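Trainee: I want to practise giving reasons for the labels we use. Could we look at a structure together?

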Amino acid sequence: MNLLYINWNPDPVCLFLGNFGLRWYSIFWIIALLTGSMVVYQLFKYRRYPMAHFDLLFTYCFIGILAGARLGHCFFYDPSYFLNHPLEIVLPVHFLPNGDWIFTGYTGLASHGGTLGLIIALFFFCRKTKMHYLDILDMMGIAAPLAAGFIRLANLMNSEIIGKPTEVPWGFVFERVDSLPRHPAQLYEALAYFLFFAIMVAMVLYKRKQYKRGSYFGWCLTLIFSFRFLVEFLKENQVDFENSLTLNMGQLLSLPYVLLGLFFILRPIHFQKTK
């Protein structure tokens, strides 16, 4: 049975451009942003929204996701360190005790923070463009599972956010961590999110009823964060303080999003379209 285990130890650097190493993590993040943007672009065209707003929307989304994901990691998972090293919150470097620094990239990004950052950024985008907030949230809700799937593949290539030890035959041995076969939790999430994207697309293309504004966004939040809550039982805790918690940080942060998603599904907010 052990022969079926997958020994996983890919080089996190895809290729070197001079002294700069292009990491798989960055590549999959770029793919996530591009594919999500392509879906939203098609929705813009399908719904005949002003295409002049699309480039601005991408900018707001990029800033909101990156800033929210970074701040979420710093303050949800390691606040004491980053409050003592505030420059490392905004700079992709790590300062050494001797005063030198090394380039690390933004090695800590939290999906819960990225989601909140996106929601806030879209609010300001809609204030500027006068587009209806729930219309934009719905478009993001349709595209988000696709992007989330690629981000989890980025985590897999980085051998991070690993699962607990297991005896299932498809267990991954993350050689950079230890020699134990573990649940490939990142792969579980990626496959689930791609499935959720297919469900969202099917809801758009084959809908048998008219969904009210906010419903797609609600389904996105409910599906993604309900699965996130459950899969956390198969993951190792990311930081030591979680060992004393009944539910880990990922689960605690998922619950508000599940409740928010259910609110939009069960009592979708319906306003007249803003002209």
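Trainee: Why is Arg-182 called buried?

Mentor: Its relative accessible area is 6%. Buried means under 20%, exposed over 50%, and partly exposed in between (1.4 Å probe, protein chains only). So Arg-182 is buried, as 6% is under 20%. Keep in mind that this is a predicted model: local features need pLDDT of at least 70, side-chain atom pairs count only at pLDDT 80 or more, and totals for chains, interfaces and linings use all residues. Residues are numbered from 1 along each chain as its sequence is written, and side-chain values use heavy atoms, without hydrogens and water.

Trainee: What makes Arg-182 and Glu-236 a salt bridge?

Mentor: Their N to O distance is 2.7 Å. A salt bridge needs a side-chain nitrogen of Lys or Arg within 4 Å of a carboxyl oxygen of Asp or Glu. So the pair qualifies. The two residues lie 54 residues apart.

Trainee: Why is Glu-236 called partly exposed?

Mentor: Its relative accessibility is 31%. That falls between the two cut-offs, so partly exposed is the label.

Trainee: How do you know that Glu-232 forms a salt bridge with Arg-228?

Mentor: The closest N and O atoms are 2.5 Å apart. That is within 4 Å, so the contact counts. Glu-232 also meets Lys-235 in a salt bridge, at 2.9 Å. Shared partners join Arg-152, Glu-189, Arg-228, Glu-232 and Lys-235 into one network.

Trainee: Why is Lys-235 called buried?

Mentor: Lys-235 has 1% relative accessibility, which is under 20%, so it is buried.

Key. Helices (H or I, at least four residues) and strands (E, at least two) are DSSP runs, numbered from the N terminus.
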